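Subject: Structure handover

Hello,

Here is the structure you asked to look at. Please open it first, then read my notes below.

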Amino acid sequence: GTMRNGIFISYRRKDTEGEASRLAEDLREGLDVQIFRDVENIAPGEDFVVALERALGDCAVMLVMIGPTWLETRAADGTRRLDDAADWTRLEIAHGLRRDVRVIPITCRGAELPAAAALPDDIALLARRQAYEIDNNRWRYDVEKLIERLTQIQGIRRKRVAPVLGPAPAPVPPPPA
């Protein structure tokens, strides 16, 4: 089959929507990869789980964006969204952890990686993954370092700069003094 080189970005809208879209653009710019984010890739009326399975089938990596409200985001009835078995973010991560996908938690805005005990059983293993911090004040630097790490994963490559064809242009003579 084809080499899996997609990157799936999982995030909560109210928590890290800004960072998720900015990171998606930066990764597209630096890497020769397809980026999957729920909003962009799932057609209206399409079954979430079917679409998720298909996207993950093309992915080598899942980045889980964790901001300050990721763990405690609550539904209208006051329960944690993460405790709902149908919570989309939880489903994404559970599927990612079960598949042969490198799952990397990305912490933003000072958020900590939650402890296993704070997570539902089907995603508790997320707590054992090495987290990577992206600080908004060091965004470019942190993203460049992340890109370096990602290129160590099989299937993930930097964008090639297109080669210039034909002879090199003649050097421009210096202007007369």
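**A buried arginine and other charged pairs**

Arg 80 is buried, with a relative accessible area of 12%. Buried here means under 20%. Keep in mind that this is a predicted model.

Which residue does Arg 80 bridge to? The partner is Asp 83, and the closest N and O atoms are 3.0 Å apart. Asp 83 is partly exposed, at 45% relative accessible area.

How many salt bridges does the structure hold? The count is 11. Two others are worth a look.

- Asp 26 pairs with Arg 140, with 3.9 Å between the closest N and O atoms. This salt bridge links distant parts of the chain. Asp 26 sits in helix H1 and Arg 140 in helix H5, 114 residues apart. Asp 26 is buried at 11% relative accessibility, while Arg 140 is exposed at 59%. The cut-off for exposed is over 50%, so Arg 140 passes it.
- Glu 72 pairs with Arg 74, and their closest N and O atoms are 2.6 Å apart. Glu 72 is partly exposed, with a relative accessible area of 41%. Arg 74 is also partly exposed, at 44%.

**The nonpolar cores**

Next, look inside. The largest nonpolar core has 26 residues. Which of them touch the most other members? They are Ile 7, Ile 9, Leu 27, Leu 63 and Leu 150.

Several elements build this core. Strands E1 (6-10), E3 (59-66), E4 (102-108) and E5 (132-134) each supply at least two residues. Helices H1 (13-30) and H5 (139-150) do so too. H5 gives the most, with 5 residues.

Try selecting Ile 9. Leave aside its neighbours within four places in sequence. Ile 9 is then in contact with Ala 20, Ala 24, Leu 27, Ile 35, Phe 36, Arg 37, Leu 63 and Met 65.

There is also a second, separate core, with 24 residues. Its members include Leu 56, Trp 88, Val 101 and Ala 111.

**One aromatic pair**

Trp 88 turns up again here. The structure has 1 aromatic pair, made by the rings of Phe 48 and Trp 88. A pair of aromatic rings is described by the distance of the centres and the angle of the planes. For Phe 48 and Trp 88, the centres are 4.0 Å apart and the planes are at 15°. Why does the pair count as stacked? Planes under 30 degrees apart count as stacked, and these are at 15°, so the pair qualifies.

The two rings come from distant parts of the chain. Phe 48 belongs to helix H3 (residues 48-57) and Trp 88 to helix H4 (residues 88-98), 40 residues apart. Phe 48 is partly exposed, with a relative accessible area of 42%. Trp 88 is buried, at 13%.

**The cysteines**

How many disulfides are found in the whole structure? The search finds 0. A disulfide is a covalent bond between the sulfur atoms of two cysteines. Why is Cys 59 not in one? The closest cysteine sulfur, in Cys 108, is 18 Å from the sulfur of Cys 59, so the two are too far apart for a bond. The cut-off is 2.5 Å. Cys 108 is likewise in no disulfide.

Buried or exposed? Cys 59 is buried, with a relative accessible area of 0%. Cys 108 is buried as well, at 1%.

Best wishes

How values were computed:
Residues are numbered from 1 along each chain as its sequence is written. This is a predicted model: local features need pLDDT of at least 70, side-chain atom pairs count only at pLDDT 80 or more; totals for chains, interfaces and linings use all residues. Side-chain values use heavy atoms; hydrogens and water are left out. A nonpolar core is a set of buried Ala, Val, Leu, Ile, Met, Phe, Trp, Tyr and Cys residues joined through side-chain atoms within 4.5 Å. Buried means under 20% relative accessible area, exposed over 50%, partly exposed in between (1.4 Å probe, protein chains only). Helices (H or I, at least four residues) and strands (E, at least two) are DSSP runs, numbered from the N terminus. Contact means heavy atoms within 4.5 Å. Rings of Phe, Tyr and Trp (its six-membered ring) pair if their centres lie within 6.5 Å; planes under 30 degrees apart count as stacked, over 60 as edge-to-face and the rest as tilted. A salt bridge is a side-chain nitrogen of Lys or Arg within 4 Å of a carboxyl oxygen of Asp or Glu.
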